[in-house]
Amino acid sequence: MMHEFLALGIFVAAFVMIASEKISKVLVVLVASALMIVTGVAPGNEVFYSHEVGIEWDVIFLLMGMMIIVGVLRQTGVFEFLGVWAAKKSKGHPYRLMVMLMLITAIASPILDNVTIIMLVVPVTIVVCNRLHIPAQPYIIAEILASNIGGAATLIGDPPNIIIANRANLTFNDFIVHMTPIVVITFALFVLLTRVMFRKEFHFNPEYVDSVMAMNERRAITDVRTLVTSLVVLGLVIVGFTLHSVLHIAPSIIALIGALVMVLVTDTDIKDIIGEVEWPTLVFFAGLFIMVGGLVNTGVIEAIGQWAIGAVGHDYTLAAGTLLFGSAALGAFFDNIPYAATMAPIVDVLVNYGADFHDGSYLWWAFALGADFGGNGTAVAASANVVGIGLAARAGHKISFWHFTKYGIITTVFSCVIAWIYVYLRYIAFV
């Protein structure tokens, strides 16, 4: 019993410190995971090897591979090209400009990770808005919200999906079949919502449109050959993801091979690309998995899962609703990555030890939708939010916590209601 309380105490203390953002979250998880190993809460001889209580290397290497691919693609200037092209197509009309920028963000987010997309799109947005003499804040907020919705569509679009897929043995195609349809519908309705939601922040300055139309998007492309080659390799990687269950090759291996091929065929300096990998993020994930492994090893996760089964009484409809709306509510106040890593083993218990495994398997989709869409809830709910707001502040377009959150809450409630209608109609009402 002592080990259970110790594991829970270390975990809760670390979670509170991560949420407070007073200390680097990487340092927090490293100290917490070390404490768990030293005290015997986490099995020190299994953290590198156990799928259940150790580091989930599939997640780490999948992220690493995609970071390298994005690093090569970033150097081609393709996102600067798209940003300028969108601005010129909109002819400076605010809603049209917002829709074009959201489309670029939402379409790219399921293919590449949404944090990187925000890092690439926001600077271009700021340049365009400065030329039009309009505030960039509503456009940046809309892009962040769109990236969190769009990223939910695939296994690789949002980090919580990678964690869920690894825990539940879900394939890339499973996400395409179950998540992509509702994400497309939600995004289409969200685009209409932004017309109303941001109506008071739209400003049209026709006298400055000529300065945007004078921009040459082709100058953004640094190397056409590298761009074409990179896009071909990226396309092959996506095909590999869709076939990984047939090929019996893990998505992480496909991502790493794709990254290697992209570096070789584009003749990119490996030292430059290694610098593009977000090592602190990968270390954060590794420490987080050790912490969650400590909870699994001591039986805390199973106890919470059994309690949850008792609470919902094998009522999967209640469980799905609780997971979707509860995950969105909690995910709005905590970073949805540690939240997903903590909750995934509990959902695993609910699915596998409930009344019927097949009946309960859709709980994973309710959980994924809640965790992903909850990332829009507040300014600190997802990494993309923090990164986007930070870039805006450095460029003189400060976005306050409540400026973002008032739109984030509306978007989260809006998207979760749509998601619940989808879950209910597809998995509950007619089954």
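## Q&A on a predicted model

Q: How many of the 19 residues of α6 are buried?
A: This is a predicted model, so treat what follows as a look at that prediction. In it, helix α6 is largely enclosed by the rest of the structure. The reason for saying so is the count of its buried residues, which is 14 of the 19.

Q: How far does α6 reach from its first C-alpha to its last?
A: Start with what you'd expect: at 1.5 Å a residue, this helix of 19 residues should span 27 Å. The model comes close to that, with a reach of 26 Å.

Q: Which residue just after α6 takes a positive phi?
A: Most residues other than glycine have a negative phi, so a positive one is worth a look. The residue here sits in the loop between α6 (114-132) and α7. It isn't a glycine, yet its phi is about 60 degrees, and its name is H133.

Q: Is H248 buried or exposed?
A: H248 is in the loop between α13 (244-247) and α14 (251-265). It has a positive phi of about 60 degrees although it is not a glycine. Exposed means over 50% relative accessible area. H248 has 72%, so it counts as exposed.

Q: Which residues does S252 contact, leaving aside its neighbours within four places in sequence?
A: S252 belongs to helix α14. Its relative accessible area is 4%, so S252 is buried. With those sequence neighbours set aside, its contacts are D58, F61 and L62.

Q: Which aromatic residues form a cluster with F61 through ring pairs?
A: Let's look at the rings around F61, a residue that S252 also touches. Ring pairs link F61 into a cluster with F48, Y49 and W57.

Q: How many aromatic pairs does a search of the whole structure find?
A: The ring pairs in the F48, Y49, W57 and F61 cluster are a good place to begin. Searching the whole structure gives a total of 15.

Q: Why is the pair F187 and F190 called tilted?
A: Both F187 and F190 are buried. They are three residues apart in helix α10 (residues 180-197), so about one helical turn separates them. Their ring centres are 6.5 Å apart, and the pair is tilted because the planes meet at 45 degrees.

Q: What is the distance between the ring centres of W420 and Y424?
A: W420 and Y424 are four residues apart in helix α23 (residues 401-429), so they too are separated by about one helical turn. Y424 is partly exposed, with a relative accessible area of 36%. The ring planes are at 45 degrees, making the pair tilted, and the centres are apart by 6.2 Å.

Q: Which residue forms a salt bridge with R167?
A: Side chains of opposite charge can pair when their charged atoms come close. The structure holds one salt bridge. Its closest N and O atoms are 3.4 Å apart, and the partner of R167 is E56.

Q: How many residues apart in sequence are the parts tied together by R167 and E56?
A: R167 counts as buried at 9% relative accessibility, and E56 is buried too, at 6%. R167 lies in helix α8, while E56 is in the loop between α2 and α3 (57-74). The pair therefore ties together parts whose separation in sequence is 111 residues.

Q: Which side chain of opposite charge is nearest to D158?
A: D158 sits in the loop between α7 (137-151) and α8 (159-168). Its contacts include N114, N148 and D372, not counting residues up to four places away in sequence. A salt bridge needs the charged atoms within 4 Å. D158 is buried without one, as the nearest side chain of opposite charge is 11 Å away, and that is K25.

Q: Which ring does the charged end of K25 sit over?
A: K25 came up as the nearest opposite charge to D158. Its charged end is 4.7 Å from the centre of a ring, and that ring belongs to F284.

Q: How many residues of helix α21 are buried?
A: Among the buried residues of α21 are W364, W365 and D372, and D372 is also a contact of D158. Helix α21 (residues 363-373) is largely enclosed by the rest of the structure, because its buried residues number eleven of the eleven.

Terms used
Residues are numbered from 1 along each chain as its sequence is written. This is a predicted model: local features need pLDDT of at least 70, side-chain atom pairs count only at pLDDT 80 or more; totals for chains, interfaces and linings use all residues. Side-chain values use heavy atoms; hydrogens and water are left out. Helices (H or I, at least four residues) and strands (E, at least two) are DSSP runs, numbered from the N terminus. Buried means under 20% relative accessible area, exposed over 50%, partly exposed in between (1.4 Å probe, protein chains only). Lys and Arg count as positive and Asp and Glu as negative; His and the chain ends are not counted. Contact means heavy atoms within 4.5 Å. Rings of Phe, Tyr and Trp (its six-membered ring) pair if their centres lie within 6.5 Å; planes under 30 degrees apart count as stacked, over 60 as edge-to-face and the rest as tilted. A charge sits over a ring if NZ of Lys or CZ of Arg is within 6 Å of the ring centre and within 35 degrees of the ring normal. The expected span of a helix is 1.5 Å times one less than its number of residues.
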